[in-house]
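Let's take a friendly walk through this fold together. Have a look at the structure below, and then we will go through it piece by piece.

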Amino acid sequence: MTEGACLCGAVRFSATGFYGGVFKCHCSKCRKAFGGASSAAALCREKDFRWLQGESLIHRYRTESGFTRFFCKECGSILPQHLPQHQSYWVPAGLLEGDPDLTLRKHIHVDSKAAWEVLDPDTPTLPEGFA
Ligand SMILES: [Zn+2]
Ligand SMILES: [Zn+2]
């Protein structure tokens, strides 16, 4: 089992497994939300995910277009997000503790990546999101 937490540690969760590896999304919204070159996240099935503490500190931000991100009210760390249509949780990989035994699977939305970012040549890319 893997556990994860935000920067201040107030929000904690556990995941018993991930599927599909880590994908980095380079869309403009993920770059803003993460304050970096991309987001980096893995998917966990609903039944494998559990909040351990701090759920009352989870704050939601939603853009007019519907892009939604959850974050810790205390420290601002981005947090896992329930994707009911996929019976999964989207879990930011940087929150995970220890070695979750994940590998980088794909770069997505690379058509909108920052000009200053250099991608590793061995990882598959998609010009936009998952089809
Ligand atoms: Zn926090
Ligand atoms: Zn994105």
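**Starting from an uncovered strand**

Strand S6, residues 58-62, is hardly covered: among its 5 residues, the count of buried residues is 0. Please keep in mind as we go that this is a predicted model.

What does S6 pair with? Its partner is strand S7 (residues 68-72), which runs antiparallel to S6 and is joined to it over 5 bridges. If you would like to locate the pairing on screen, arginine 62 has threonine 68 in S7 as its bridge partner, and arginine 60 is matched with phenylalanine 70 in S7. Between the two strands of this hairpin lie 5 residues, and glycine 66 there takes a positive phi near 105°.

The hairpin belongs to an open sheet of 3 strands, ordered S6-S7-S8, with antiparallel pairing. S6 and strand S8 (78-79) are at the edges with a single partner strand each, so one side of each has no neighbour in the sheet. As a reminder, strands of a sheet pair through backbone hydrogen bonds, in either a parallel or an antiparallel way.

Now let's step back to the whole chain. The protein chain has 1 helix and 11 strands, and along the sequence these follow the pattern β-β-β-α-β-β-β-β-β-β-β-β. Why can we call its overall dimensions consistent with a compact globule? For 131 residues, such a globule would have a radius of gyration near 14 Å, and the chain has 14 Å, so the two agree. Along the principal axes, the C-alpha atoms fill a box of roughly 40 × 30 × 30 Å. Of the 131 residues, 27% count as buried. Among contacts with a separation of 6 or more, 57% come from residues 24 or more positions apart.

A second open sheet is made of 5 strands in the order S9-S10-S4-S3-S11, and its pairing is mixed. Its edge strands are strand S9 (81-83) and strand S11 (104-108), each of which pairs on one side only. From one strand to the next, the twist averages 30°. At the S9 end of the order, S9 and S10 run antiparallel and are joined by 3 bridges; in one of the pairings, glutamine 81 has tryptophan 90 in S10 as its bridge partner.

Which residues have the most contacts inside the largest nonpolar core? They are Cys6, Ala15, Ala42, Cys44 and Val91, in a core of 22 residues. Two or more residues each are given to this core by strand S2 (12-15), strand S3 (19-25), strand S4 (39-45), S8 and strand S10 (88-92). Alanine 15 makes a good place to zoom in: leaving aside residues up to four places away in sequence, it touches Thr2, Cys44, Asp48, Phe49 and Val91.

Finally, visit glycine 4, which sits in strand S1 (residues 2-5). Is glycine 4 buried or exposed? It has 24 C-beta neighbours inside 10 Å, and because the cut-off for a buried residue is 20 or more, glycine 4 counts as buried. Apart from residues up to four places away in sequence, glycine 4 touches Phe13, Val91, Leu95, Leu96 and Glu97. Glycine 98 is 94 residues from glycine 4 in sequence, yet the C-alpha atoms of the two are 8.9 Å apart in space. Val91 thus links two of our stops, as it is touched by alanine 15 and by glycine 4.

Definitions and conventions
Residues are numbered from 1 along each chain as its sequence is written. Chains are lettered from A and ligands numbered from 1 in the order in which they are written. This is a predicted model: local features need pLDDT of at least 70, side-chain atom pairs count only at pLDDT 80 or more; totals for chains, interfaces and linings use all residues. Helices (H or I, at least four residues) and strands (E, at least two) are DSSP runs, numbered from the N terminus. The radius of gyration is taken over C-alpha atoms; the globule rule is 2.2 Å times the number of residues to the power 0.38. A residue is buried if 20 or more other C-beta atoms lie within 10 Å of its own, exposed if 12 or fewer, and partly exposed in between; C-beta atoms are placed from the backbone. Two residues are in contact if their C-beta atoms, placed from the backbone, lie within 7 Å. Two strands pair if DSSP finds at least two bridges between them. A nonpolar core is a set of buried Ala, Val, Leu, Ile, Met, Phe, Trp, Tyr and Cys residues joined through C-beta atoms within 7 Å. Axes are lines fitted to C-alpha atoms, for helices over the stretch in contact, and angles run from 0 to 180 degrees between N-to-C directions.
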